[in-house]
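My notes from a session with this model, in the order I looked things up. I began with how the strands pair and then moved on to rings, charges and cysteines.

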Amino acid sequence: MKDILKSRLLVAAIVMIVLFGIMILRVFVLQVVNGKSYQENYKLKIVKERTINGTRGNIYDSEGNLLAYNELAYSITIEDNGNYDSTKEKNISLNAEIATIISALEKNGDSIDNDFEVSLNDDGTYAFNVSGTALKRFLADVYGSTSYDNLTLAYGKKLHLNYNPAEATPDQVIEYLSSKEQFRINVGDENVPTYSQKELYEIVVVRYGMYENSYKKYISTTIASNVSENTVAYISEHSNEIQGVEVVEDTIRKYNDSKYFASIIGYTGKISQEEYDTLSKDDDSYTLNDIVGKAGIEQYMDTQLQGKKGYEKLYVDYLGKAVEVIDRKESSSGNDVYLSIRADLQKAVYDLLEQEIAGIVYSKIENIKNYDSSSAASASDIKIPIDDVYFALINNNVIDTDHFEADDASATERAVYQAFASRQSTSLSMVEAELNGSTNTPFASMSSEMQDYITYVISFLKSNKVLLTDKIDTSDEVYQAWKEGTIGPSEYLNHAISKGWIDITTFAVDEKYADSAEIYQALCDYILGDLSTDLSFSKLVYQYMIKEDAISGQQLCLILYDQGVLTYDDEEIAALTNGNISAYDFMKEKIKNLEITPAQLALDPCSGSCVISDPNTGNILALVSYPGYDNNKLANTVDADYFNSLNSDLSLPLYNYATQQRTAPGSTFKMVSATAGLAEHVITTTEQINDLGKYMNVSNEPECWAYPGFTHGNINVSEAIRDSCNYFFYEVGYRLATNNYTTAYDDALGISKIQKYASLYGLNDTTGIEIQENDPNEADSYPVMAAIGQSNNNYTTVQLSRYVTAIANSGTVYNYSLLSKVTSSDGTVLETYGPTVKNTVDVLDAFSWDAIHSGMRMVVTDSLSEYFANFPVEVAGKTGTAQQTPTRPNHALFVGYAPYNNPEITIATRIAYGYSSHNAAEVSRNIMAYYFNIESEDELLNGQAENLNATSNGFTD
């Protein structure tokens, strides 16, 4: 026993037992006693800083009416914070997770945010939705270059591409991003799902958004905004299964009465790389996840509207999920912006302008199938055939022809589609026969239908850069024969191939198609393959079917109900079906009631603009562009379908007609010429000039608008403004060019003097408003024609507004502003805005101003008495009719002010292709009736609706 106790083994055993006991005790303490604490401490290893976005400021009108604001919403974000063994595993895992989230979104009626520069069309084709520098920047980013200029064929070869990335097609961009080297989508990996085209595209959209954030850990990318409660619940319930995906509180931008103000306010959207580069130069708080103003006041005042960002620092576990907040700085709201616009006036002007345009369209529609506008005695005689109205429903996508094939298509839709499919097949066979030379009909001998088809084919080849216009030798004999219509398309296109005018790489491979016959056959196959799915060609087919009654107006009217364009009405549908009301009467009634709007039809006229200003301050009270659009669908994240519909809308709703459309001012310019004549002393206020009808002092011998019906006789400058006498102002222009007959006629001298006085009225420059405005164009030749507002004078409506404002106040020219003030969120005024004086027109004495004002007053009391009779406020104004092309109606213009002796407002109105200036004067009268509380908007709209047939058809300058 003593030996055992003295044994070294015993000592070693005791030591081992003690150590083992200590280890057991330590494990017990670690796992049982302090296990929870250590587990928490393990999780609190990673510190993450999260940005808290500030709330964007509101936008108000001048009277405090809310126009733009924010609503609380929830967004879904994703972070690349996973741990992966390889890039391949990372890609496969991320793609699968994103596909799961996309599927959940769609089941709940939500969709991903998509501001990707490539869109997926309904027919499965891809298209760029940016152009110019934005497209160049996008391509550089996609292919990992710091500059677009670096994208070359050699650069492409380094990326294992067989094309130049600078010329990449949308398909090539998608193929590259979904490749093994990039996002590894549909690349044939085993045990990895193959995604549909739509899934692949949407995964690319999300992955590219993450790519733009450079894959930095804990930098989130928004997958979807303003999601439903069901989606929020799904993400929350599956938080342990979907790596790095969170629900975050967010705000979305909202706009009240959007169509009225969209052209001024604009909209917001996710910042682009180009915008980030610009904005971050002056403010380093911008990130690539920010929402910024994309257009209008939202864009111009972005730095004021942006809220100040806050942050929170927090511990996250190894899954990236928040565990504890350790520091937080609250964000702050952006400043509020007030406009000079009066919301009630803006809305009333828009509604009255729309009704006036509808009235013009209504009065010009006739129950005829065709009308040759070139045969009209004057532009005011041009008619609108009812078949053009029916076709407009298809041509401007009011009716969705794609739905004709849908499972839930109505019987009428299916019948129309069956007829179309048969006719399209026939039409394609006819085109094929002409292309392969089996009929070999000279172009001039073809039917008008076939001429339209072949013309479209040639246009299609040019737009797709297959037929290279810069390589065509216009002196070539075969080309000349084609232009003269003495040969057919087969001969012309075969010749174009032989001359190298056709880029065969767009449809054929050199090695495969060695001889010209095979190349030409490949070209024909390319043309016919694209025409079979080309929407524009389909519309041509529909147009001829309507002309030939293969599709009836009744069918198209019924489809308006089937597709929800019109509110379902059993009684009206029965009347149409039974023939108790004709399709012609039905369409006119819907146009009259604005159930079908001029913008939807996009016929002449379909647009207009009006600017109202205070001549005493220069404040803009209304700036209206018709038609408008719903900027709610473009804000935050773009509704791609809606955006595409706006871009394809023939009425161009995204175009601000008040600030961007330029036309000749017509006779509204004559006050400039009167100013020039009086200031240069080539006329006096009392001198009379005899209107002889035809002006013989210049070679083109222009005529007065009233000639040969009558002449105005001996009239002074006030009477010349009243009668809008072209002859009088021809003479003014001529005198300016001859120094009042003291020198030989000098075109440059005359035009320089007209430019001088146009510039005094501000017509040489933009007005200063904070949204996009086209530059004016002062005439630079033909002073005799420029003096009546023709030559190449071209101005926007807002520029005409500034000009008439200067006339109304006798010479003060303002730099305009749409802004009134900026306040903090608590109402403290931080900055004020407003018009400033640009210059004064101080070249006229009081008698000269009186002569101009008197002439404008007589325009209203004499020429426009049918509209202003018994009008309780004295108005002065000037009409203008500007011809752009003899085959389309003239532009209608009116500028004016009221009250005459103490002007309170000025108005400038333009109805593009509005036939007669009386139409612009009529709606201006109604707008002033609203402004001065003479009649309510409802009274004015109802009154117009009842008198649509009374719209003036006569030509008045």
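**Entry 1: strands 24 and 25.** I started with strand 24 and strand 25, which pair in the antiparallel sense over 7 bridges. This is a predicted model, so I keep that in mind for every value below. One bridge I looked up by residue: glycine 896 has isoleucine 907 in strand 25 as its partner. The connection is a hairpin, with 6 residues joining strand 24 to strand 25.

**Entry 2: the other side of strand 25.** Strand 25 also pairs with strand 15, again antiparallel, through 6 bridges. Here I picked serine 609, and its bridge partner in strand 25 is arginine 910.

How many residues of strand 25 are buried? I get 7 of 7 for this strand, residues 905-911. I then split them by face. Ile905, Ile907, Thr909 and Ile911 lie on one side, Thr906, Ala908 and Arg910 on the other, and all of them are buried. Both faces of strand 25 are therefore covered, arginine 910 included.

**Entry 3: the whole sheet.** I stepped back to get the strand order. The sheet is open and has 5 strands, in the order 16-15-25-24-23, with antiparallel pairing. Strand 16 (620-626) and strand 23 (876-882) are the edges, each pairing on one side only. Averaged over neighbours and ignoring direction, the strands are turned by 5° against each other.

At the strand 16 end, I count 6 bridges between strand 15 (residues 608-613) and strand 16, running antiparallel. Isoleucine 612 is one to click on: its bridge partner in strand 16 is alanine 622.

Which helix packs on the sheet? I find helix 33 (residues 846-863), which touches strand 23 and strand 24 (891-898). The direction of helix 33 makes about 75° with that of strand 23.

**Entry 4: helix 27.** Next I checked burial along helix 27 (residues 670-679). It has 10 of 10 residues buried, so the rest of the structure largely encloses it. The buried set includes Lys670, Ser673 and Thr675 as well as Met671, Val672 and Leu678. After helix 27 comes histidine 681, and I noted its positive phi, near 60°.

**Entry 5: aromatic pairs.** I ran the ring search and got 39 aromatic pairs. I describe each pair by the distance of the ring centres and the angle of the planes.

The pair I opened was phenylalanine 128 with phenylalanine 138: centres 6.4 Å apart, planes at 80°, so edge-to-face. Phenylalanine 128 belongs to strand 5 (residues 126-128) and phenylalanine 138 to helix 5 (residues 132-142), 10 residues apart. Buried or exposed? Phenylalanine 138, at 2% relative accessibility, counts as buried. Phenylalanine 128 comes out at 23%, so it is partly exposed.

For contrast I took tyrosine 897 and tyrosine 900. Their centres are 6.4 Å apart and their planes at 15°, so I log this pair as stacked. Both tyrosine 897 and tyrosine 900 are buried.

Back at phenylalanine 128, I followed the ring pairs outward. They link Phe116, Tyr126, Phe128, Phe138, Tyr201, Tyr208 and Tyr211 into a cluster.

**Entry 6: lysines over rings.** I logged two cases. Lysine 547 has its charged end over the ring of tyrosine 544, 4.9 Å from the centre. Lysine 633 lies over the face of tyrosine 642, with 4.8 Å to the ring centre.

**Entry 7: cysteines.** How many disulfides does a search of the whole structure find? The search returns 0. I tried cysteine 557 as a test case: its closest cysteine sulfur is in cysteine 606, 20 Å away, which is too far for a bond. Cysteine 557 is buried, with a relative accessible area of 0%. I also looked at cysteine 524, which counts as buried at 6% relative accessibility.

**Entry 8: valine 47.** Last, I checked a long-range neighbour. Valine 47 is in strand 1 (residues 46-52). Its C-alpha is 9.4 Å from that of valine 325, though the two are 278 residues apart along the chain. Leaving aside neighbours within four places in sequence, I find valine 47 in contact with Leu314, Tyr315 and Ile326.

How values were computed. Residues are numbered from 1 along each chain as its sequence is written. This is a predicted model: local features need pLDDT of at least 70, side-chain atom pairs count only at pLDDT 80 or more; totals for chains, interfaces and linings use all residues. Side-chain values use heavy atoms; hydrogens and water are left out. Rings of Phe, Tyr and Trp (its six-membered ring) pair if their centres lie within 6.5 Å; planes under 30 degrees apart count as stacked, over 60 as edge-to-face and the rest as tilted. Helices (H or I, at least four residues) and strands (E, at least two) are DSSP runs, numbered from the N terminus. Buried means under 20% relative accessible area, exposed over 50%, partly exposed in between (1.4 Å probe, protein chains only). A charge sits over a ring if NZ of Lys or CZ of Arg is within 6 Å of the ring centre and within 35 degrees of the ring normal. Two strands pair if DSSP finds at least two bridges between them. Axes are lines fitted to C-alpha atoms, for helices over the stretch in contact, and angles run from 0 to 180 degrees between N-to-C directions. Contact means heavy atoms within 4.5 Å. A disulfide is a pair of cysteine sulfur atoms within 2.5 Å.
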